Amino acid sequence: MLPRQQIFSLIAGFAIFLVIIGLIRARKLREEYSWIWLLTGAIIFIIVIWYKLLLFITNLVGATLPTSALFILAMLFLILINIFLSVKISQMSEQIKNLTQELTLLKGPKRRKKYAKRKK
């Protein structure tokens with residue numbers, strides 16, 4: 001890996017750490033999800049520092065260039081993130097539906113009384 005690429009990758013990995021920590025401190029990102037992004041930054045550091053690991057992964061995948069292996073890994077990572085977030089959205093949609101139904105049942109008799117008074 002060229003020194004310029006290595007420096008850029010180290011800066012990118014460090015920037016990811018700083019952004020994630022800043023988002024956690026500002027309470028814009030929950031700790032529950034921060035581990036994914038902190039792990040991403042750590043993996044960038046590991047691959048940059050231990051370049052032979054990237055070469056091993058390239059041979060393992062059967063790619064001809066290390067950049068191709070990185071692209072394949074990045075695509076897999078994005079697919080996994082999308083699946084994870086889709087599961088979370090599905091869970092939250094179910095929770096919202098259940099909460100809405102419970103709220104309707106709790107406020108239902110009060111609303112019916114108000115509506116009946118207006119009708120008379």
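Q: In helix 3 (residues 51-61), which residues are buried?
A: The model is predicted: local features need pLDDT of at least 70, side-chain atom pairs count only at pLDDT 80 or more, and totals for chains, interfaces and linings use all residues. Residues are numbered from 1 along each chain as its sequence is written, and side-chain values use heavy atoms, with hydrogens and water left out. Helices are DSSP runs (H or I, at least four residues), numbered from the N terminus, and buried means under 20% relative accessible area, exposed over 50%, partly exposed in between (1.4 Å probe, protein chains only). In helix 3 the buried residues are L54, I57 and T58.

Q: What arc do these buried residues cover around the axis of helix 3?
A: The arc is taken from the directions from the helix axis to the C-beta atoms. The buried residues sit on the same side of helix 3, because around the axis they cover an arc of only 105°.

Q: Which residues are exposed on the other side of helix 3?
A: One side of helix 3 holds the buried L54, I57 and T58. The other side has the exposed residues K52, F56, N59 and L60.

Q: Which residue just after helix 3 takes a positive phi?
A: Look just past the end of helix 3. The phi there is about 90°, and the residue is G62.

Q: How many salt bridges are there?
A: Side chains of opposite charge can pair when their charged atoms come close. A salt bridge needs a side-chain nitrogen of Lys or Arg within 4 Å of a carboxyl oxygen of Asp or Glu. By this rule the count is three.

Q: Which residues are linked in a network of salt bridges?
A: R30 pairs with E32, with closest N and O atoms 2.9 Å apart. K88 also forms a salt bridge with E32, at 3.0 Å. That pair joins distant parts of the chain, K88 in helix 4 (residues 66-119) and E32 in helix 2 (residues 31-49), 56 residues apart. The network is made of R30, E32 and K88.

Q: Is R30 buried or exposed?
A: Its partner E32 is partly exposed, at 32% relative accessible area. R30 has a relative accessible area of 52%, so R30 is exposed.

Q: How many residues apart are K97 and E94?
A: Their side chains meet in a salt bridge, 3.2 Å from N to O. K97 is partly exposed at 39%, and E94 is partly exposed at 40%. Both lie in helix 4, about one turn of the helix apart, and the spacing in residues is three.

Q: The side chain of S34 reaches the backbone oxygen of which residue?
A: S34 is in helix 2 and is buried, at 6% relative accessibility. Not counting residues up to four places away in sequence, S34 touches I20, I24 and L29, where contact means heavy atoms within 4.5 Å. At 2.9 Å, its side chain reaches the backbone oxygen of E31.

Q: What is the angle between the planes of F17 and F45?
A: The structure holds two aromatic pairs. Rings of Phe, Tyr and Trp (its six-membered ring) pair if their centres lie within 6.5 Å; planes under 30 degrees apart count as stacked, over 60 as edge-to-face and the rest as tilted. F17 in helix 1 (residues 3-25) and F45 in helix 2 are 28 residues apart. They are stacked, 5.7 Å centre to centre, and the angle is 20°.

Q: Which residue forms an aromatic pair with W37?
A: The pair is edge-to-face, 5.7 Å centre to centre, with 80° between the planes. W37 lies in helix 2 and its partner in helix 4, 40 residues apart. W37 is partly exposed at 31%, and partly exposed at 27% is its partner, F77.

Terms used: Helices (H or I, at least four residues) and strands (E, at least two) are DSSP runs, numbered from the N terminus. A polar contact is a pair of N or O atoms within 3.5 Å; within protein, one must be able to donate a hydrogen and the other to accept it, and residues adjacent in sequence count only if both atoms are side-chain atoms.
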